[in-house]
Amino acid sequence: MGETRVQWREWGEAAFREAREQDKLILLSISATWCHWCHVMDRGIPGDPIHTGTYSNPEIAEIINTYFVPIRVDTDRRPDINARYNMGGWPTTVFLTPDGEILTGATYIPPMQMRQVLLQVLQYYRTGREEIRRRAQEIARRRQEASRPVARPGAQLAWTIPLHLVGLIARAYDPVCGGFGEAPKFPHPEACLLLLVEYVRSGRRDERLAEMVRRTLHGMADGGMYDHVEGGWFRYSTTRDWSLPHFEKMLEDHARLIPLYLYAAEILADEGLRAAAVKAMEYVRRTLYDPERGVFWGSQDADEEYYALSQRERAQRIPPAVDHTVYVNWNGMMAIALMIASDLLGEPDGRAMALRALDAVWEQAFDEGAGALYHYVDRQGERADQKGVPPLLGDQVHYGRAALAAFQRTGDRRFLERALRLRTYMESVLADPEGGGFFDRPEDPQAVGALRIRQKPLEENAAAAEFYLTLHDLTGDRTAREIAERTLLAFEQEYVKYDFTAAPYGLAVYRAITEPVRIHVVGPMEDPETQRLLTAAWRGDPFTRVVVPMDPRRDASAIQAQGFPMDGRPAAYVCVGTRCLPPARTPEEIAERLQALNE
């Protein structure tokens with residue numbers, strides 16, 4: 001007979017039915033493949049008498065198996081469940097009623113405490129039914145209210161929103177070590193990006209904004225948050241001075257940090273920031289990229305001992321494990337990061353890798369029946385729909401934004417057509433026609449627990465608004481712009497609850513109220529001269545620019561409507577609003593036109 005182990009169930013109706021029929025509490029464990037303390041809670045730390053493994057303790061496993069219905073969920077694979085039940089970190093340990101309402105919970109619970117917690121929760125469930133019912137109703141009411149931010153009649157998008165957020169970011173800034181808050185310290189790349197965008201918009205006069213970005217990015221790149229041997233950033237620092245990180249590495253973080261560092265290097269003329277980004281890209285290509293399938297993997301585990309080794313010593317050790325799951329949203333974000341990197345570094349390899357990843361993800365994760373992308377594909381090639389995960393908002397939005405970025409850089413309409421297909425799904429399945437914005441998942445009468453109530457995540461709605469704003473700029477579709485504005489207006493009062501972490505919303509509002517520089521590139525898309533102009537159109541500042549590829553054979557009416565001649569020679573027209581400068585026929589002339597606009 002082997003040792004007693006926790007008999008984990010999958011999230012779903014069967015587990016909840018078991019809990020209802022047997023009148024048992026649910027013990028929900030939200031874990032992650034990269035999470036150090038999740039592994040400790042499962043298996044313990046060898047040689048450590050305190051951290052001996054909570055779930056591998058036979059007595060604790062016996063109590064859980066006898067008196068609870070244990071459910072294990074991976075946070076990366078089920079972001080919809082994590083968004084509703086996370087108790088402040090990973091591992092999350094949460095006790096639910098048989099209907100899925102939260103009774104109580106915590107993060108890491110060592111074995112000496114877990115036995116006591118289990119018995120106390122059981123006692124409370126047996127004796128406090130009326131109070132539990134009352135609390136569950138109150139929690140459900142608050143969750144319902146929080147999930148439905150709506151656009152206020154007469155509300156307007158204004159400069160006060162991004163400027164207010166810049167103020168909140170400045171208030172949270174740590175002038176000693178950089179970053180925001182004290183400890184633990186997370187990167188918050190969008191907060192730095194909003195500071196940079198405002199610094200550029202205001203004519204680079206406020207050096208405080210530049211200094212906050214410079215000190216923060218150097219804090220993360222020069223200290224313990226950065227892997228100085230293999231490259232790349234760890235997930236966060238446990239200390240204020242960035243010296244002691246949690247050692248997992250995430251594809252999502254690199255997708256956000258690489259373009260930020262390259263843009264900051266450009267704006268602040270800082271070679272150190274550029275070097276950190278380039279080395280991080282090398283890490284991603286070497287460790288988180290699947291060259292056979294052309295996709296990016298999710299994460300690499302934490303291993304404190306491994307990351308303390310020198311280059312020579314590491315070569316003799318097996319590196320920390322990589323999660324070979326392909327997440328659609330993170331692959332979309334990394335594709336954008338690589339395209340921006342290619343723009344700013346002037347090298348084509350990143351763009352080629354990004355385009356290949358977008359094709360591979362579409363082939364592997366798009367479902368014709370649903371008309372949408374599923375959330376992940378595992379290493380065996382199984383899609384998320386086979387694991388009970390419906391197409392989620394974040395995947396459509398982040399892939400859609402990447403597809404529009406690819407269309408703007410290549411003129412290849414297959415990317416625009418994919419974005420339009422995802423738009424159809426978003427509007428028919430995820431949109432809130434009454435209040436504006438988008439829900440995180442489809443409506444599902446069979447959903448269990450807190451999944452019964454759909455949520456509107458601020459960050460993904462901000463990304464959705466940017467997606468629709470770009471669609472409008474590329475196609476002239478006024479409805480797309482109206483959807484974007486209504487999406488942002490749904491959070492016009494709500495965003496303050498998020499404090500400075502609402503920076504992605506501030507960036508989206510900034511994008512909505514600022515007239516972008518539009519560069520219309522007119523010419524046959526297969527012509528190398530046209531392609532050179534498309535590439536040149538992105539040099540310098542990829543965050544305040546829209547490039548509109550226009551092929552005379554398919555876009556003749558749009559070219560004529562703009563008043564551009566069709567003389568057979570590829571040309572680029574740099575415009576702001578209704579003002580367009582004379583045609584640019586070479587990359588150098590595009591740079592001159594952009595310089596003239598700045599002046």
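Colleague: Let's start at a strand pair: which residue in S19 stands opposite Val 576?
Modeller: A word on the model: it is predicted, so local features need pLDDT of at least 70 and side-chain atom pairs pLDDT 80 or more, while totals for chains, interfaces and linings use all residues. Residues are numbered from 1 along each chain as its sequence is written, and side-chain values use heavy atoms, leaving out hydrogens and water. Strand S18 (residues 571-576) pairs with S19 in the antiparallel sense over two bridges; strands are DSSP runs of E with at least two residues, helices runs of H or I with at least four, numbered from the N terminus, and pairing takes at least two DSSP bridges. Across from Val 576, in S19, stands Arg 579.

Colleague: Which strands stand at the edges of that sheet, each with a single partner strand?
Modeller: The sheet is open, and its four strands come in the order S17-S16-S18-S19 with mixed pairing. A strand with a single partner has one side left without a neighbour in the sheet, so the edges belong to S17 (545-550) and S19 (579-580).

Colleague: At about what angle does helix H20 run to S16?
Modeller: H20 (residues 528-536) lies across S16 (517-522), S17 and S18. Angles run from 0 to 180 degrees between N-to-C directions of axes fitted to C-alpha atoms, for helices over the stretch in contact, where contact means heavy atoms within 4.5 Å. Relative to S16, the direction of H20 is at about 170°.

Colleague: On to the other four-stranded sheet: which are its edge strands?
Modeller: This sheet is open too, with mixed pairing and the order S2-S1-S3-S4. Pairing on one side only marks the edges, S2 and S4.

Colleague: What angle does the direction of H1 make with that of S2?
Modeller: Within the sheet, neighbouring strands are turned by 20° against each other on average, direction ignored. Helix H1 (residues 13-22) packs on this sheet and touches S1 and S2. With the direction of S2, that of H1 makes about 160°.

Colleague: Which residue takes a positive phi in the hairpin of S3 and S4?
Modeller: S3 and S4 are antiparallel partners over four bridges, with Thr 93 opposite Ala 106. Five residues lie between the strands, and the one with a positive phi, near 95°, is Gly 100.

Colleague: What do the buried residues of H2 pack against?
Modeller: Buried means under 20% relative accessible area, exposed over 50% and partly exposed in between (1.4 Å probe, protein chains only). In H2 the buried residues are Cys 38, His 39, Val 40, Met 41 and Asp 42. They pack against S1 (25-31), S2 (68-74), S3 (92-96) and H5.

Colleague: Is Thr 54 buried or exposed?
Modeller: Thr 54 sits in the loop between H2 and H3 (58-67). Beyond four places in sequence, its contacts include Val 40 and Met 41, along with Ile 109 and Met 114. Its relative accessibility is 0%, so Thr 54 counts as buried.

Colleague: How many residues apart are Trp 37 and Tyr 108?
Modeller: They belong to the 27 aromatic pairs found in the whole structure; Phe, Tyr and Trp rings (six-membered for Trp) pair if their centres lie within 6.5 Å, with planes under 30 degrees apart stacked, over 60 edge-to-face and the rest tilted. This pair is tilted, 5.0 Å centre to centre with 55° between the planes. Trp 37 is in H2 (residues 36-43) and Tyr 108 in the loop between S4 (102-106) and H5 (111-127), a separation of 71 residues.

Colleague: Why is the pair of Phe 247 and Tyr 307 classed as it is?
Modeller: Both Phe 247 and Tyr 307 are buried, and they form one aromatic cluster with Phe 234 and Tyr 306. The ring centres are 5.8 Å apart and the planes are at 5°, so the pair is stacked.

Colleague: How far from the ring centre of Trp 8 is Arg 72?
Modeller: A charge sits over a ring if NZ of Lys or CZ of Arg is within 6 Å of the ring centre and within 35 degrees of the ring normal. Arg 201 lies over the face of Trp 159, at 4.4 Å. For Arg 72 over the face of Trp 8, the distance is 4.3 Å.
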